[in-house]
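I opened this entry to look up how charged side chains pair up in the model, and to note what lies around them.

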Amino acid sequence: GVIDGHFYGYYRLSVGQTYYLEVTHAHGETGQYDVVIQGPIYTNDQDDFGNNPVSGYSLSEKELVKGQIEVKQDEDYFVFVPSTDGEYVVELNATNMFQATTMSNTYWLDTMNGSNYRRILIFRAGVPVHIRVTNIDPSFREGYNPYTIRVFSKSLLGTI
C-alpha cells in the first residue's frame with residue numbers, strides 16, 4: 001500500500017530464500033528513496049488476534065469482537081469481506097487511545113485515532129478489508145487494555 005508517498009507491504013518470507021525488490025517511478029522519473037526491510041519484531045503466545053494481515057481474524061458483519069492490546073508493541077489484525085458494494089460503518093470503542101487503520105486491496109482507506117469512534121467507508125463486494133488496531137497512547141501501561149470492534153452496513157446505523 002501507499003500512505004503519504006510511502007510504500008509498505010507485509011509478506012511471509014522463508015528462511016534461506018533470496019528475494020528481489022524492484023523500485024520504479026510511475027512516470028519514469030528519477031529520484032532518491034530508502035528501502036527498509038524489517039523482520040518480525042514481536043511475538044506473544046497469549047495474543048488474542050494475529051499480529052499481521054496473514055493471521056488476521058475473519059470478522060463477520062455485525063459481529064462485535066472484544067480484543068485486548070496486551071503490550072505496547074501489540075498489533076491486532078482483522079479481515080472483513082463485504083458481501084455487497086456499499087457504505088459500511090467501522091466502529092472501535094476502547095479504554096485507551098488506539099489507532100485503527102483500514103486498508104482494502106493494499107489501498108489505504110482511513111485511519112482513526114481515539115478511544116471511541118465510527119467511520120463510514122465505501123467497500124466493494126468480495127474485496128477483503130484489513131483493519132489494524134494498535135496503541136498510540138504514550139502513557140500506555142501493559143495490562144488490561146480492552147477494545148471492541150465491529151463492521152456493519154450503514155443501513156443498520158441506529159439499530160445496532
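Before listing any pairs I fixed the term: a salt bridge is a side-chain nitrogen of Lys or Arg within 4 Å of a carboxyl oxygen of Asp or Glu. I also noted that this is a predicted model.

Entry 1, overall make-up. I counted zero helices and nine strands in the protein. I found that buried residues make up 37% of the 160 residues, and that the protein exposes about 10,600 Å², of which carbon and sulfur atoms supply 50%. Looking at contacts between residues at least 6 apart in sequence, I noted that 70% join residues at least 24 apart.

Entry 2, Glu-91. I located Glu-91 in strand 6, which covers residues 86-104. Is Glu-91 buried or exposed? I read a relative accessible area of 5% for Glu-91, and because the cut-off for buried is under 20%, Glu-91 counts as buried. The side chains of Glu-91 and Arg-150 form a salt bridge, with N and O 3.0 Å apart. Since Glu-91 lies in strand 6 and Arg-150 in strand 9, this pair ties together parts that are 59 residues apart in sequence. I checked the partner as well and found that Arg-150, like Glu-91, is buried. The side chain of Glu-91 also makes a polar contact of 2.6 Å with the side chain of Arg-118, and I recorded Glu-91, Arg-118 and Arg-150 as linked in a network of salt bridges. Setting aside neighbours within four places in sequence, I listed the contacts of Glu-91, among them Tyr-117, Thr-148, Ile-149 and Phe-152.

Entry 3, other salt bridges. How many salt bridges does the structure hold? I found five. One of them joins Glu-87 to Lys-154, with the closest N and O atoms 3.4 Å apart; Glu-87 is in strand 6 and Lys-154 in the segment after strand 9, 67 residues apart. I noted both ends as partly exposed, Glu-87 at 37% relative accessibility and Lys-154 at 34%. Asp-110 forms a salt bridge with Arg-119 at 3.2 Å between the closest N and O atoms; here I found Asp-110 buried at 11%, whereas Arg-119 is partly exposed at 32%.

Entry 4, the surface. I then turned to nonpolar side chains and found that Leu-21, Val-23, Tyr-33, Val-35 and Ile-37 form a surface patch, with about 550 Å² of accessible area together. Within this patch I looked up Ile-37, which lies in the loop between strand 2 and strand 3 and is exposed, with a relative accessible area of 71%.

Terms used
Residues are numbered from 1 along each chain as its sequence is written. This is a predicted model: local features need pLDDT of at least 70, side-chain atom pairs count only at pLDDT 80 or more; totals for chains, interfaces and linings use all residues. Side-chain values use heavy atoms; hydrogens and water are left out. Patches are made of residues with over 30% relative accessible area and no salt bridge: like charges are joined within 9 Å, nonpolar side chains (Val, Leu, Ile, Met, Phe, Trp, Tyr) within 5 Å. Accessible areas come from the Shrake-Rupley method with a 1.4 Å probe; for residues, only the protein chains shown count as cover. Helices (H or I, at least four residues) and strands (E, at least two) are DSSP runs, numbered from the N terminus. Buried means under 20% relative accessible area, exposed over 50%, partly exposed in between (1.4 Å probe, protein chains only). A polar contact is a pair of N or O atoms within 3.5 Å; within protein, one must be able to donate a hydrogen and the other to accept it, and residues adjacent in sequence count only if both atoms are side-chain atoms. Contact means heavy atoms within 4.5 Å.
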